[in-house]
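Work through the exercises below with the sequence and the model side by side. Each task is followed by a solution in steps.

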Amino acid sequence: MNRFGFPKLGLGLGLRTVHYAQILERLPSVDWFEIISENYMYSEGRPLLYLDRIAEHYPIVMHGVSLSIGSTDPLDFEYLTKLKALRDRVGARWVSDHLCWTGVSGRNSHDLLPLPYTEESLKHVAERVRIVQDFLEAPLALENPSSYMQFKGSSLSEPVFLAELAARADCALLLDVNNVFVSAYNHGFDADAYLDAIPVDRVVQFHVAGHSHEGTHIIDSHTGPVCDEVWRLLGRAWAAGAEASVLLEWDADIPPLEVVHQELLKASAFTEQQLSHPVTSLGRVA
Amino acid sequence: MTSEPNLQNVQEWLLALITHPGSDEAASSQVATRFGALSVEQVLSEGPRQSAVERLHIYRYAYTARLVECLADDFGAVRYLLGQQTFESMCRTYIATHPSQSPNLNVYGRDFPAFLRQLAHDWAVFAAELAELEWALVQVVHSQSSDGLSPDALQSVPTAKLASLRFVPNSAVRLLRFEYPVNAYLRAFFLDEQPTPPQKQATSVVVVRAGTTLRRIELSAAQALLLARLLDAEPLLQALDGVDATPAQLQEWFREWTEFRLFAALEL
């Protein structure tokens with residue numbers, strides 16, 4: 001258990017539609033699954049049927065992309081009501097989203113847009129996080145975003161902003177070490193220094209993923225294997241003492257479950273964590 | 001904008017830039033006009049290898065690409081029919097005129113069939129009908145589905161009550177009528193048979209989900225007439241008026257419709 005009372009779940013995978021059948025048929029040795037909240041909270045149909053069945057066998061954590069915690073639009077309580085209902089339905093261990101905004105004036109970009117890191121933004125987001133946590137009656141975990149642009153008006157670095165936000169709102173953090181790597185390249189900052197500025201006792205979850213190197217910039221595409229440097233960053237963050245669960249995201253050109261599973265197992269070498277079920281193949285060992 | 005823009009100003013300015021359908025230059029100049037001559041270089045910093053405008057372009061490109069991908073997911077057969085280039089061009093026009101106003105991407109394509117229908121192209125009606133069928137599949141996937149009637153539910157209705165009997169439709173049912181054989185085209189597309197656009201031929205199809213299984217059932221004109229009336233909750237006797245079918249045929253239709261869970265309940 002970490003300071004928020006969230007369990008350390010071990011090594012998990014992002015749940016993706018193409019793997020439903022294989023998961024239900026073989027019950028692979030995975031400690032937990034993370035779902036994209038919006039893929040289920042607006043559906044009353046087939047996605048929920050699969051999720052209910054998978055939740056019978058695995059702990060579920062919810063990860064959202066549309067909370068828009070940084071937007072200057074009013075908080076969307078219809079969204080929050082659906083989010084809470086889904087959490088209660090599947091018994092999700094915690095709920096996370098991103099430090100970003102997705103739209104304003106009622107229009108949605110469906111992208112995770114960065115904020116200017118200013119005192120104005122800090123005050124605004126901290127207040128909204130507190131409201132969301134009161135509504136959910138649970139701590140919210142916020143993820144550091146990957147980004148491709150920065151604001152001239154920013155007066156704080158991203159990790160300092162996150163640390164101050166977490167302290168003011170008393171929220172948890174989801175540390176995506178691939179995002180740290182991507183943004184460090186795109187903006188020219190030191191990824192290790194970034195990690196050093198993050199309050200490790202608030203980190204409840206890590207994300208690792210692949211990315212696409214475009215030369216002038218890196219896109220956080222969640223495709224392909226995790227690169228060595230991102231694994232190293234995970235190991236460094238882990239060694240700092242985070243009581244956190246680890247999750248692999250793979251969202252584009254998704255390979256068979258066996259391939260994703262093998263990639264997840266590499267996390268063991270950097271986190272001293274083993275899957276709670278011994279693995280001889282994809283199937284659970286009795 | 002005379003003073004330092006606040007967070008709301010910055011967000012409105014940036015979203016206007018990201019969603020602007022024109023070139024980077026057109027977006028910059030037109031949006032700047034609306035926001036007191038606020039320029040990209042004033043607000044965004046350059047990166048180690050890219051200018052501020054090039055960095056903004058990443059978000060502008062991603063905005064359209066994401067929504068095109070969303071439409072392609074929902075309307076794969078329409079994309080095949082139109083070809084990638086025309087489909088993308090149609091998507092870009094749709095995106096420019098239909099900004100997303102919901103956090104739920106599942107609903108983004110709901111106006112796409114109507115958008116296609118009003119286009120001045122000879123393929124517009126068929127493309128719109130194909131899109132309507134694909135959109136019905138999306139709707140049915142996400143609709144709640146009941147367990148449906150038991151196979152003997154009809155037999156247990158007292159004869160005296162049959163005339164006024166009404167059927168409550170399963171929420172995961174859509175009945176569609178077309179000028180073209182749309183379902184045959186979609187089936188051939190799913191089977192990778194590389195279908196070509198068909199000649200006009202009136203058809204009807206009902207889409208239903210039971211559990212995780214989706215079905216598309218083609219209907220004769222008589223079946224479509226009766227089913228449409230039943231789904232509109234017309235009493236059974238009234239619904240049967242003028243329907244060209246023998247008692248044996250009707251019995252078979254009701255057996256099949258019950259088996260496929262088109263109805264959630266009976267109202268006596």
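How many helices and strands are there in chain A? Chain A has 11 helices and 12 strands, where helices (H or I, at least four residues) and strands (E, at least two) are DSSP runs numbered from the N terminus.

The model is predicted: local features need pLDDT of at least 70, side-chain atom pairs count only at pLDDT 80 or more, and totals for chains, interfaces and linings use all residues. Residues are numbered from 1 along each chain as its sequence is written, and chains are lettered from A and ligands numbered from 1 in the order in which they are written.

**Exercise 1. Describe the overall form of each chain.**

Step 1. Start with chain A. Its C-alpha trace spans about 55 × 40 × 35 Å along the principal axes. The radius of gyration of chain A is 18 Å, which agrees with the value near 19 Å for a compact globule of 286 residues. This radius is taken over C-alpha atoms, and the globule rule is 2.2 Å times the number of residues to the power 0.38.

Step 2. Turn to chain B, which comes to 12 helices and 5 strands. Its radius of gyration is 25 Å, well over the 18 Å that the globule rule gives for 268 residues, so chain B is more spread out than a compact globule. The C-alpha trace of chain B spans about 80 × 40 × 30 Å along its principal axes.

Step 3. Look at burial. A residue is buried if 20 or more other C-beta atoms lie within 10 Å of its own, exposed if 12 or fewer, and partly exposed in between, with C-beta atoms placed from the backbone. Of the 286 residues of chain A, 51% are buried; for the 268 residues of chain B the figure is 34%.

Step 4. Look at contacts, meaning pairs of residues whose C-beta atoms, placed from the backbone, lie within 7 Å. Among contacts between residues at least 6 apart in sequence, those joining residues at least 24 apart make up 79% in chain A and 66% in chain B.

**Exercise 2. Describe the side of chain A that touches chain B.**

Step 1. Count the residues: 37 from chain A and 41 from chain B take part in the contact.

Step 2. Find the elements. Those giving two or more residues on the side of chain A are α3 (46–55), β5 (101–104), β6 (107–113), α5 (119–136) and α7 (177–187). The largest share, 6 residues, comes from β6(A).

Step 3. Sort by type. This side of chain A has 10 nonpolar, 19 polar and 8 charged residues. Ala, Val, Leu, Ile, Met, Phe, Trp, Tyr, Cys and Pro count as nonpolar, Asp, Glu, Lys and Arg as charged, and the others, Gly among them, as polar.

**Exercise 3. Follow the packing from α3(A) into chain B.**

Step 1. Which residues of α3(A) are buried? They are A:R46, A:P47 and A:L51. Seen down the helix axis, these buried residues fall within an arc of 135°, so they line one face of α3(A); the arc is that of the directions from the helix axis to the C-beta atoms.

Step 2. List the partners. The buried residues of α3(A) pack against β2 (32–36), α2 (38–41) and α4 (77–90) of chain A, together with α8 and β3 (203–210) of chain B.

Step 3. Examine β3(B), where 7 of the 8 residues are buried. Strands pair if DSSP finds at least two bridges between them. β3(B) runs antiparallel to β2(B) (residues 173–178), joined by 6 bridges, and B:L175 stands opposite B:V206. β3(B) is also antiparallel to β4(B) (residues 213–219), with 7 bridges, and B:A210 stands opposite B:T213.

Step 4. Check the turn. The hairpin of β3(B) and β4(B) has 2 residues between the strands, and B:G211 takes a positive phi near 65° there.

**Exercise 4. Is A:F151 buried or partly exposed, and what does it touch?**

Step 1. A:F151 sits in the loop between β7 (140–143) and α6 (158–169) of chain A.

Step 2. A:F151 has 17 other C-beta atoms within 10 Å, so it is partly exposed.

Step 3. Leaving aside neighbours within four places in sequence, A:F151 is in contact with A:P116, B:V43 and B:L44.

Methods
Contact = placed C-beta atoms within 7 Å.
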